[in-house]
Structures are given as structure tokens and as C-alpha cells.
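Please look over the sequence and the model below before reading on. The paragraphs after it go from the whole chain to a single helix pair and then to one side chain.

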Amino acid sequence: MTEWLGWIGDLPTGVVMAALSVIMLLDAIPLVGVLVPGDVMVLAAVGARGPMSGGGVLFGVVAGCLAGWSLTFMAGRHLGDRIRRGRLGRWIGEARWAAAERALRQNGAGIVIAAPFLPVLNALMPLAAGGLRMPYRRFITSAALGAALWAGLYVVLGLIGQAIGGLLANDLVTMAATITIGLSIGWVMLLNTRRRFAPA
């Protein structure tokens, strides 16, 4: 673990940003995104590279999110019905798809901003927004704000966890504290957000 962290810490910032962008792009793909631990990767990057990495991590995460969501949005706009009736649509489930559309109709841009904080729904929301013909400019503006808020939250949590773990002067403990504290606080906030939008 310590060697792995050291390896990440030695990578150029541009490489780390590009890797995070690819991870967040995959996170935006329905079903695939469920298997991608985006929050853990953000916390690990901050924990391995230190406070100076915050801006680069934030940029890489937002860029990857917007790229993935834009592709998914366009797929929803041009192939939405076909995807919904196909194997992917059956795996997602009609109930989830209908819930995403209902949330978009009721909350519009607000649910797009909140989408990064709503596991599973975050990957389906761009598909539904494209299928409902939401204006792309409105969608991408809201998505950028939501991605920045989500990424900013985890960067801050990572820095807090690193600062606490750093008091123990051990790389392995520092990383464990960074991820554990970050995930603990982050998931509490995510559950509160999910509860807030539960009626939708």
C-alpha cells in the first residue's frame, strides 16, 4: 500500500488528472458507474499527493464528469428509446428510468445539480435528460455546478482526513484515515441529499 501511494505521489500532476478524468467518465456510464469507486479514487489522489493536488484533482474530476455526462446525454437524446427498450434498459429497470424522468420534470436543473450526490441515479440522469430533450446548455451548466460541488466536497474531505492522519506520521495510517474519514462524512452528506430528493 505504501509503495502504491508513493508511486501515485511521484506521478506528474497531468497524469493523475487524466487518470481521474477517465475514471469519472466511466463513472458516468450506467451500470459501469456502479462498479467505479469515484469517491475513493478522489480521496486516494488527495491523500497521496497532498494539499497542493486539490486544484488539479478538482479539475480532473469535473472534466471527466462533464465528458461522460455529455456522451450519456447525447446517447439519451438520439438513442433514448432504443436504449430503454434494449438490454441496458431492462438492466436499469423501467421503475428507475421513470423515477429519473419524474425527478427531472419536478426539479429540472436542481436534480441535475444534485445528481452527483445520488448514487446510481447520477449515471441515469443524463440519459433521461437527453431523452426528455432538456436544452444541452441548461443541462451542462447544471451538471458542471453539481460536479464541482461533489468534487470540491471530496477534495476538502480528503484534505481533512490527510491532516488528521498526518498527525500519526505514517503513510499507511494517513491514507487509511483520509479514505475512512472522507467516506464516513461524505456518505452521511450523500444520504441526507438522497433523503431530500426522495419524494422526487
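What follows is a guided reading of a predicted model, starting with the chain as a whole.

The secondary structure of the chain amounts to 10 helices and 0 strands, and when it is read along the sequence the pattern runs α-α-α-α-α-α-α-α-α-α. Of the 200 residues in the chain, 46% are buried. If one takes the contacts between residues at least 6 apart in sequence, 78% of them join residues that are at least 24 apart.

From this overview one can turn to helix α8, which spans residues 121–131 and is mostly covered, since 9 of its 11 residues are buried. The buried residues of α8 are Asn122, Ala123, Leu124, Met125, Pro126, Leu127, Ala128, Ala129 and Gly130. Just after α8, the backbone at Arg133 takes a positive phi of about 60°.

How does α8 meet helix α6, and at what angle do their axes cross? Helix α6 covers residues 94–107, and its axis comes within 9 Å of the axis of α8, the two crossing at roughly 70°. Because angles from 65 to 115 degrees count as roughly perpendicular, α6 is described as roughly perpendicular to α8. The crossing in which α6 passes α8 is right-handed. On the side of α6, the contact is made by Arg96, Trp97, Ala100, Glu101 and Leu104, while α8 contributes Leu121, Leu124, Met125, Leu127, Ala128 and Ala129. Sorted by character, the residues of this contact between α6 and α8 comprise 9 nonpolar, no polar and 2 charged. Several of the α8 residues that take part in the contact, including Leu124, Met125 and Leu127, are also listed among the buried residues of that helix.

The last stop is a single residue in another helix. Ser142 is found in helix α9, which runs over residues 136–166. Is Ser142 buried or exposed? Its relative accessibility is 7%, and because buried means under 20%, Ser142 counts as buried. The side chain of Ser142 reaches the backbone oxygen of Arg138 at a distance of 3.0 Å. When residues up to four places away in sequence are not counted, Ser142 touches Ala109, Val112 and Ile113. Taken together, Ser142 is a buried residue whose side chain reaches a backbone oxygen and which also touches Ala109, Val112 and Ile113.

Note on methods:
Residues numbered from 1 in each chain as written. Predicted model: local features only at pLDDT ≥ 70, side-chain atom pairs only at ≥ 80, totals over all residues. Heavy atoms only, no water. Axes fitted to C-alpha atoms, helices over the stretch in contact; angles between N-to-C directions. Helix = DSSP H or I, 4+ residues; strand = E, 2+ residues; numbered from the N terminus. Parallel < 35°, antiparallel > 145°, perpendicular 65-115°, else oblique. Left-handed = near helix turned anticlockwise from the far one by under 90°. Contact = heavy atoms within 4.5 Å. Nonpolar A, V, L, I, M, F, W, Y, C, P; charged D, E, K, R; others polar. Buried < 20%, exposed > 50% of the residue type's maximum accessible area, 1.4 Å probe, protein only. Polar contact = N/O pair within 3.5 Å; in protein donor to acceptor, adjacent residues only side chain to side chain.
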